[in-house]
Amino acid sequence: MLFTVSRIARPVAAPVSQFVQARNMATLKEVQQRLKSVQNIEKITKSMKMIASTKVNKAQRSMEAARAFGVASNSIYTSAETTASADNDILLVATSSDRGLCGGIHSSVSKATRRAVIEHPEAKIAILGDKPKAQLSRAVRSNIAISFNQIGKDVPTFEEASSIVDVIKANGVEFGDAKIIYNKFISVVSYEAESISVYSDSSFKASPNFSVYEIEDDVLSNLQEFSLANGIYWGLVEGHAAEMCAKRAAMENATKNAGEMIGKLTMTYNRGRQAVITNELIDIIVGASAL
């Protein structure tokens with residue numbers, strides 16, 4: 001009778017062991033696939049970090065030159081003590097790019113633009129870049145007058161800034177004073193949203209120290225266009241340098257996080273594999289002892 005009971009109990013125990021083993025093997029396969037996926041992501045982020053690092057130095061050199069020209073161009077308004085006229089229409093130029101994976105670069109410009117719209121509800125907005133356009137379209141769609149894309153693929157040039165001003169003028173966007181909102185480069189790990197002011201002919205003529213300059217009327221309109229183009233160039237180049245540094249930092253953090261995840265998944269995989277081996281040894285020992 002005991003022999004009969006033993007023969008009945010053995011077939012019941014075997015499928016349970018096989019079920020546990022199959023379940024663990026399926027889990028190990030999923031962990032292994034996840035591990036390979038994270039390893040591929042780590043390779044991509046590491047490559048993107050290297051690319052951004054090579055672009056940072058070039059962007060910083062261009063930024064220093066653009067900043068020197070921009071400060072020199074705006075010094076005439078500073079010396080004349082020019083202020084914006086309350087009667088003039090305001091144009092807000094939000095300068096950013098089309099690229100992502102760079103932290104809060106685009107959100108910084110968008111937030112500063114929204115704050116400026118609160119101060120000037122009737123202001124018109126010209127957007128440079130698809131990323132800030134998507135963000136501002138949700139909040140201040142009615143204020144957007146014109147937008148540009150294909151921004152940020154390479155270091156911006158003065159020709160691109162001049163073309164942007166020409167397109168703004170050609171599309172009949174009428175304005176008096178302008179504010180160019182951009183990300184000011186502070187260091188390789190920090191930036192903040194700032195604005196560059198460009199004034200109209202009437203605002204410049206109303207300056208307290210305007211009489212110091214002997215400028216003819218036909219030159220004033222050219223001065224405003226040049227100052228606007230120079231300011232846009234300054235904002236684009238400085239924003240590009242801040243974006244490259246932010247992208248390098250973002251990819252460095254992503255690579256670090258991927259490495260930590262690889263370590264955890266490797267430990268999980270090894271523990272699961274060890275559990276499967278242990279279960280197989282137990283089955284062998286139990287089977288051998290039952291013979």
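**Notebook: spaces, ring pairs and salt bridges**

I began with enclosed space and found that the structure holds 1 cavity of 30 Å³ or more. The model is a predicted one, in which local features need pLDDT of at least 70 and side-chain atom pairs count only at pLDDT 80 or more, while totals for chains, interfaces and linings use all residues. Residues are numbered from 1 along each chain as its sequence is written, and side-chain values use heavy atoms, with hydrogens and water left out.

**Entry on the cavity**

I noted the terms before the values: on a 1 Å grid over the protein atoms alone, a cavity is a set of points where a 1.4 Å probe fits but cannot get out, a pocket is an open set with protein on both sides within 12 Å along at least five of seven lines, and lining residues have an atom within 4 Å of a point. Grid points are joined across faces, edges and corners, and a volume is the space filled by probe spheres set on the points.

For the largest cavity I wrote down a volume of about 80 Å³. Its lining has 13 residues, of which Ser96, Leu236, Gly239, His240 and Glu243 lie nearest the centre. I then asked which element gives the most to this lining, and found that it is α6, with 5 residues. Helices (H or I, at least four residues) and strands (E, at least two) are DSSP runs, numbered from the N terminus. By class, I recorded 4 nonpolar, 8 polar and 1 charged residues around the largest cavity, where Ala, Val, Leu, Ile, Met, Phe, Trp, Tyr, Cys and Pro count as nonpolar, Asp, Glu, Lys and Arg as charged, and the others, Gly among them, as polar.

**Entry on the second largest pocket**

I looked next at the second largest pocket, which holds about 200 Å³ of space. It is lined by 15 residues, and nearest its centre lie Ile51, Ala52, Lys55, Met244 and Lys247. The elements that give two or more residues to this lining are α1 (2-80) and α6, and α1 gives the most, with 6 residues. The lining of the second largest pocket divides into 5 nonpolar, 3 polar and 7 charged residues.

**Entry on salt bridges**

I searched the whole structure for salt bridges, each being a side-chain nitrogen of Lys or Arg within 4 Å of a carboxyl oxygen of Asp or Glu, and the search finds 2.

In one of them Asp154 pairs with Lys58, and the closest N and O atoms are 3.9 Å apart. This pair links distant parts of the chain, since Asp154 is in the loop between β3 (144-148) and α4 and Lys58 is in helix α1, 96 residues apart. I noted Asp154 as partly exposed at a relative accessible area of 48%, and Lys58 as partly exposed at 42%; buried means under 20% relative accessible area, exposed over 50%, and partly exposed in between (1.4 Å probe, protein chains only).

Glu238 forms a salt bridge with Arg67, with the closest N and O atoms 2.5 Å apart. Here Glu238 in helix α6 is linked to Arg67 in helix α1, 171 residues apart. Is Glu238 buried or exposed? At 1% relative accessibility Glu238 counts as buried, whereas Arg67, at 29%, counts as partly exposed.

**Entry on aromatic rings**

I counted 6 aromatic pairs in the structure. Rings of Phe, Tyr and Trp (its six-membered ring) pair if their centres lie within 6.5 Å, and planes under 30 degrees apart count as stacked, over 60 as edge-to-face and the rest as tilted.

The rings of Phe158 and Phe226 have centres 6.1 Å apart and planes at 55°, so I entered this pair as tilted. Because Phe158 lies in helix α4 (residues 158-170) and Phe226 in helix α6 (residues 217-290), the pair ties together parts that are 68 residues apart in sequence. Phe158 is partly exposed at 28%, and Phe226 is partly exposed at 41%.

For Phe204 and Phe210 I found ring centres 5.1 Å apart and planes at 85°, so this pair is edge-to-face. Both Phe204 and Phe210 are buried, and ring pairs link them with Tyr77 and Tyr199 into a cluster.

**Entry on the hairpin**

Last, I followed strand β4 (residues 177-187) and strand β5 (residues 190-198), which pair in the antiparallel sense over 9 bridges; two strands pair if DSSP finds at least two bridges between them. A hairpin of 2 residues joins β4 to β5, and Phe185 stands opposite Tyr191 in β5.
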